[in-house]
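Here's a quick briefing to read alongside the structure. Keep the 3D view open and click along as you go.

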Amino acid sequence: MQIRAPTVTGGFREPIATLLADGKTVGRHYSGPNWEHSDGSAVVGKAAGNAPGTTANDIPWLKLEVVSHRGSGILAGVTTVQRINTMGGKLEGACDKAGTFKSARYSADYVFLRKG
């Protein structure tokens, strides 16, 4: 399954994303990092590797190993999550004042892999 995730991140505090498949909302991505499908299944990942984005403005591509599962839906057998085809997401400049957050929009494809 491949899901496109347009999102806004906060400095980098946490991802906040809507997961889309074929233009329809199918879940969300948030701190942890967690991916939660609308069928109730979810996974939590841990970074296992990265590669630079295509341009200097793109956040890195990531490989994440799944460390926990919830539910029995589409994400139940997932062992690895890859963030590829990133566009944007790099923050430029400092926040306007202390204690505030600055956001940087990005999009990426998240690929969910299973063994076997």
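A residue counts as buried under 20% relative accessible area, as exposed over 50%, and as partly exposed in between. By that yardstick Lys 63, at 38% relative accessibility, is partly exposed. Keep in mind that this is a predicted model.

**Salt bridges**

- How many salt bridges does a search of the whole structure find? The search turns up 3.
- One of them joins the side chains of Lys 63 and Glu 65, at 3.7 Å from N to O. Glu 65 has a relative accessibility of 31%, so it falls in the partly exposed class, too.
- Another pairs Glu 36 with Arg 28, with an N to O distance of 3.4 Å.
- Glu 36 also bridges to Arg 70, where the closest N and O atoms are 2.9 Å apart. Since Glu 36 sits in strand E5 and Arg 70 in strand E7, this pair ties together parts that are 34 residues apart in sequence.
- Put those together and you get a network of salt bridges linking Arg 28, Glu 36 and Arg 70.
- Here's the general idea: side chains of opposite charge can pair when their charged atoms come close.
- Is Arg 70 buried or partly exposed? With a relative accessible area of 42%, Arg 70 is partly exposed.

**A closer look at Arg 28**

- You'll find Arg 28 in strand E4, and its relative accessible area of 41% makes it partly exposed.
- Which residues does Arg 28 touch, once you skip its neighbours within four places in sequence? They are Ala 17, Leu 19, Asn 34, Trp 35 and Glu 36.
- Arg 28 and Ala 42 are 14 residues apart in sequence, and their C-alpha atoms are 9.5 Å apart in space.

**The nonpolar core**

- The largest nonpolar core has 14 residues. Those with the most contacts inside it are Trp 35, Val 43, Leu 75, Val 78, Val 81, Tyr 110 and Phe 112.
- Strands E7 (61-70), E8 and E9 (103-114) each chip in at least two residues of this core.
- E9 gives the largest share, with 4 residues.
- As a rule of thumb, nonpolar side chains tend to be buried together in soluble globular proteins.

**Thr 86 in strand E8**

- Thr 86 belongs to strand E8, and at 2% relative accessibility it counts as buried.
- What does the side chain of Thr 86 reach at 2.6 Å? It reaches the backbone oxygen of Ile 59.
- Beyond its neighbours within four places in sequence, Thr 86 is in contact with several residues, including Gly 53, Asp 58, Pro 60, Trp 61, Ser 107 and Ala 108.

**Backbone oddities**

- Some background first: most residues other than glycine have a negative phi, and most peptide bonds are trans.
- Asp 22 isn't a glycine, yet it has a positive phi of about 55 degrees. Asp 22 is in the loop between strands E3 (14-21) and E4, and it is exposed, with a relative accessible area of 81%.
- Asn 85 also isn't a glycine, and its phi is positive at about 55 degrees. Asn 85 is part of strand E8 (residues 78-88), and at 32% relative accessibility it is partly exposed.
- The peptide bond from Gly 32 to Pro 33 is cis, with omega near -5 degrees. Look for Pro 33 in the loop between strand E4 (24-30) and strand E5 (34-37).

Notes. Residues are numbered from 1 along each chain as its sequence is written. This is a predicted model: local features need pLDDT of at least 70, side-chain atom pairs count only at pLDDT 80 or more; totals for chains, interfaces and linings use all residues. Side-chain values use heavy atoms; hydrogens and water are left out. Buried means under 20% relative accessible area, exposed over 50%, partly exposed in between (1.4 Å probe, protein chains only). Contact means heavy atoms within 4.5 Å. A polar contact is a pair of N or O atoms within 3.5 Å; within protein, one must be able to donate a hydrogen and the other to accept it, and residues adjacent in sequence count only if both atoms are side-chain atoms. A nonpolar core is a set of buried Ala, Val, Leu, Ile, Met, Phe, Trp, Tyr and Cys residues joined through side-chain atoms within 4.5 Å. A salt bridge is a side-chain nitrogen of Lys or Arg within 4 Å of a carboxyl oxygen of Asp or Glu.
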